[in-house]
Each structure stands twice: as C-alpha cells, then as structure tokens.
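Here are a few friendly notes to read with the model open beside you. They deal with burial and with charged side chains.

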Amino acid sequence: MIKSMTGFGRAELVDEEKKITVEMKSVNHRYLDINMRMPKKLSFFEAAIRNLLKEYIQRGKVDLFITYEDYTQSRVSVKYNREIAQQYLTYIREMGSEFGLETEITAAALSKYPEVFTMEEQTPDEKELWTALEQVIRGAAGQFVESRTQEGAHLRQDILEKLEAMDKKVDLVEARSPEILREYREKLEGKVKELLADTQIEESRIAAEVILFADKICTDEETVRLKSHIHRMEEVLHENEGIGRKLDFIAQEMNREANTILSKANDLETSNLAIDLKTEIEKVREQIQNIE
C-alpha cells in the first residue's frame, strides 16, 4: 500500500516508576527530516532513535516529541563525603588547640557542615530505559504508519479517478482529430470554389493541402505517449511504498505531452480538452507531492 507523507502517531507507557509519552507527526518533504524534542537525560539515545524511525519512514518532515517523568525516589541517594568531614574535624581540633577552646563535637553536629552529606541522583540503567523507550516509540510509529497508509489509500483512489477522467479526454482528442481534418477540407474546398467559380478543382491539390495541414496538427504521437504514461502511473500506484518520486517523474512527462497537444491545437474543442488535461495533471501532481 502506498503511504501519505502526512501522519500522526501517539503511544504511552506508564508504570509505578515512570511515564513515557511519544508523539510524532509529519508533513511533506523531499527527503527524510526528523526533528526531536526530548529531555536531556534521553539525548544520548538520539542516534538510536533516528535509526529506529528509518525502519518506518522514508520521506517526510517528522516532528517527534518525547516526555519522561520519573515517579520514584530510588534514583536519589545520600552520599557521605568522608574526606570533607575529616578536614572539618582536623581544622576544628587545630582551632581548639590554638585558641585554648574545647573541641568536643558530635557526629550529628559535624554532619550539618556543608557538603558532608549530599543528595546525588543516580543514573538510570541505560539498557532498561532504552527497552522501555523503544517500546513506546515503536507503538507511536506503528500508529503513525497506519494513519499514513489510510491516507495513502484515499490518495491512490483519488488519483486513479483523475487518471480515468484524463484517459477519456485523450480519447476525445483522438476522436476529434479526423473531424478537424474533415471540417478543414470542406472549408478549403468551399473557399477554392468561391475563388475559382466554375473552374475545375484539382483534387490532388486539395489532398496535398489537407495532408500538410494534417501533419501540422497531428497529435497521434502525443496522445499515444500520454495514454502510455497514464497507464504506467496506474500500474505504479499499485506497487509498494516509496513510489512518490517515480510518480512525480511520470507526471512531468504527462504534462509535457499535454503542452504539445495544446500548442498544436488548431481547434477550440481540442484546445479546451488540452487545457482540461493540463488542469487534471496539475491536480495529480499536487496529490503526488503527498505520497511517500
């Protein structure tokens, strides 16, 4: 199934110790462009996250939002700085000796001095944290891909309907071509009769003029190629993912053929059909820009 480049996904993990939420959304982009917003404590996972997302996404501008809340106090511990306490005690005793003061000091009193005891946040286990984070990212990415796939199905159906309408218009251009020649021949014969009155008209001269005119306005090659491009695009739309660039190239070729038909048109009806074709091709190109 083809995928749209517009999508959204969200997943969340909550347990007794933590809460991890991942949201991701995307819009059109020529290449894969991933922007991340997450807490600093998760920043060392950035490269792993990018590699993980590449399993799910090929093109698009993707915004990834990660929030992390730690519910437990087990990450914080008390640190006893023995060397600092020893220095305090040494200097207190020196002061007592120097000034003749009593130096009785309790452990409780010493513990109140700065930096003797400090609170230290423990680093979470990276492997455990990554396992949880990966689970949530994959959950959000799965939902994200599903939304892109659903939108891609709508895009494919819309493009197929437009291609069918274009195919019918090309048929009308082909059907109109012999009518243009017939009308031109009648008009030419009428003018020659008017100018020459009763003089005999040379059929060969009329035929030669009609042939020159036919060669000038002939769009057989263009309509054949345009039909071929239409049918090729229909085939590509039933291929697997990653077809956006291929479709865009085919649409460019279709537009080139429609431009040539319009430039050769010597008839209002054909001109209008060519303009309609160009309009439909442009609509198809706009839709293709949304395909991954």
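1. A word on terms first: a residue is called buried under 20% relative accessible area, exposed over 50%, and partly exposed in between. Asp-15, at 33% relative accessibility, therefore counts as partly exposed. Please keep in mind that this is a predicted model.

2. Asp-15 has a charged partner: a salt bridge links Asp-15 to Lys-18, with 2.9 Å between the closest N and O atoms. Lys-18 has a relative accessible area of 10%, so Lys-18 is buried. The two ends of this bridge thus fall in separate classes, Asp-15 being partly exposed and Lys-18 buried.

3. Next along the chain is Glu-16, in the loop between strand S1 (7-14) and strand S2 (18-27). Is Glu-16 buried or exposed? Its relative accessibility is 76%, so Glu-16 counts as exposed. Glu-16 also belongs to a surface patch of negative charge, where Glu-17, Asp-125, Glu-126 and Glu-128 gather with it.

4. Now have a look at helix H1, which spans residues 46-53. Ile-49, Leu-52 and Leu-53 are buried there. Around the axis these residues cover an arc of only 95°, and so they sit on the same side of H1. The general rule behind such a pattern is that an α-helix has 3.6 residues a turn, so residues three or four places apart point the same way.

5. Back to charges: how many salt bridges does a search of the whole structure find? The search finds 22. One of them joins the side chains of Asp-167 and Lys-227, at 2.8 Å from N to O. Asp-167 belongs to helix H4 (residues 126-196) and Lys-227 to helix H6 (residues 220-236), so this pair ties together parts that are 60 residues apart in sequence. Both Asp-167 and Lys-227 are buried.

6. Helix H6 also holds a salt bridge of its own, between Glu-221 and Arg-225. The closest N and O atoms of this pair are 3.7 Å apart. Why are the two about one helical turn from each other? Because Glu-221 and Arg-225 are 4 residues apart in helix H6. Glu-221 is exposed, with a relative accessible area of 54%, while Arg-225, at 34%, is partly exposed.

7. One last item for your tour is a network: Arg-10, Glu-12, Lys-19 and Glu-23 are joined into one by salt bridges that share partners.

Technical notes. Residues are numbered from 1 along each chain as its sequence is written. This is a predicted model: local features need pLDDT of at least 70, side-chain atom pairs count only at pLDDT 80 or more; totals for chains, interfaces and linings use all residues. Side-chain values use heavy atoms; hydrogens and water are left out. Buried means under 20% relative accessible area, exposed over 50%, partly exposed in between (1.4 Å probe, protein chains only). The arc is that of the directions from the helix axis to the C-beta atoms. Patches are made of residues with over 30% relative accessible area and no salt bridge: like charges are joined within 9 Å, nonpolar side chains (Val, Leu, Ile, Met, Phe, Trp, Tyr) within 5 Å. Accessible areas come from the Shrake-Rupley method with a 1.4 Å probe; for residues, only the protein chains shown count as cover. A salt bridge is a side-chain nitrogen of Lys or Arg within 4 Å of a carboxyl oxygen of Asp or Glu. Lys and Arg count as positive and Asp and Glu as negative; His and the chain ends are not counted. The place of a charge is taken as NZ of Lys, CZ of Arg, CG of Asp or CD of Glu.
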